[in-house]
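User: Hi! Could you walk me through this model, starting with the turns between strands?
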Amino acid sequence: IVNLIHSDIGRPLHHIASNLSADSNLNGILKEVLDTLIPEEKIVKTVSKKSYIMRTQPYRSAENVVSGAVITFVHLNNYTP
């Protein structure tokens with residue numbers, strides 16, 4: 001879904017290519033989650049029309065410091081809205 005390579009570590013998400021459709025607003029959701037610290041869940045589609053639940057939540061270190069976000073995708077088999 002998101003095309004990651006080792007050299008992407010530490011890079012801003014908007015510098016990284018994804019296969020999500022333009023209306024998924026990945027960068028906007030990430031910014032909102034990091035600004036509010038409230039996790040978000042949304043159904044998104046890839047450019048190939050596959051549907052996923054995208055969950056975005058703040059990443060907290062062992063010291064309880066927010067230092068990024070965790071984004072997970074769960075494929076929805078045979079889902080058509």
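Analyst: Happy to! In the hairpin of E2 and E3, which has five residues between the strands, asparagine 64 takes a positive phi near 65 degrees. Strands here are DSSP runs (E, at least two residues), and helices are too (H or I, at least four), numbered from the N terminus. Two strands pair if DSSP finds at least two bridges between them.

User: Before we go on, what kind of model is this?
Analyst: This is a predicted model, where local features need pLDDT of at least 70 and side-chain atom pairs count only at pLDDT 80 or more, while totals for chains, interfaces and linings use all residues. Residues are numbered from 1 along each chain as its sequence is written, and side-chain values use heavy atoms, with hydrogens and water left out.

User: Thanks. Which residue takes a positive phi in the hairpin of E1 and E2?
Analyst: That one is lysine 49, with a positive phi near 75 degrees, and this hairpin has five residues between the strands.

User: What does the secondary structure come to overall?
Analyst: The protein chain has one helix and three strands, and along the sequence they follow the pattern α-β-β-β.

User: How are the strands ordered in the sheet?
Analyst: They make an open sheet in the order E1-E2-E3, with antiparallel pairing. E1 (40-45) and E3 are the edge strands, each pairing on one side only. On average, neighbouring strands are turned by 25 degrees against each other, direction ignored. For that, axes are lines fitted to C-alpha atoms (for helices, over the stretch in contact), and angles run from 0 to 180 degrees between N-to-C directions.

User: How many bridges join E1 to E2?
Analyst: Six, and the two strands run antiparallel. Isoleucine 43 has isoleucine 53 in E2 as its bridge partner, and glutamate 41 stands opposite arginine 55 in E2.

User: And over how many bridges do E2 and E3 pair?
Analyst: E2 (residues 51-60) and E3 pair over eight bridges, in the antiparallel sense. Tyrosine 52 is the bridge partner of histidine 75 in E3, methionine 54 stands opposite phenylalanine 73, and glutamine 57 is opposite valine 70.

User: Where does H1 lie?
Analyst: H1 lies across E1, E2 and E3, running at about 35 degrees to E2. Contact here means heavy atoms within 4.5 Å.

User: New topic: how many aromatic pairs does the structure hold?
Analyst: Just one. Tyrosine 52 and phenylalanine 73 are edge-to-face, 6.3 Å centre to centre with 85 degrees between the planes. The pair links distant parts of the chain, since tyrosine 52 is in E2 and phenylalanine 73 is in E3, 21 residues apart. Rings of Phe, Tyr and Trp (its six-membered ring) pair if their centres lie within 6.5 Å; planes under 30 degrees apart count as stacked, over 60 as edge-to-face and the rest as tilted.

User: How much space lies in the largest pocket?
Analyst: About 420 Å³. Its lining has 16 residues, and the closest to the centre are Leu4, Arg11, Leu13, Ile16 and Ala69. On a 1 Å grid over the protein atoms alone, a pocket is an open set of points where a 1.4 Å probe fits, with protein on both sides within 12 Å along at least five of seven lines; lining residues have an atom within 4 Å of a point. Grid points are joined across faces, edges and corners, and the volume is the space filled by probe spheres set on them.

User: Which element gives the most to that lining?
Analyst: E3, with five residues.
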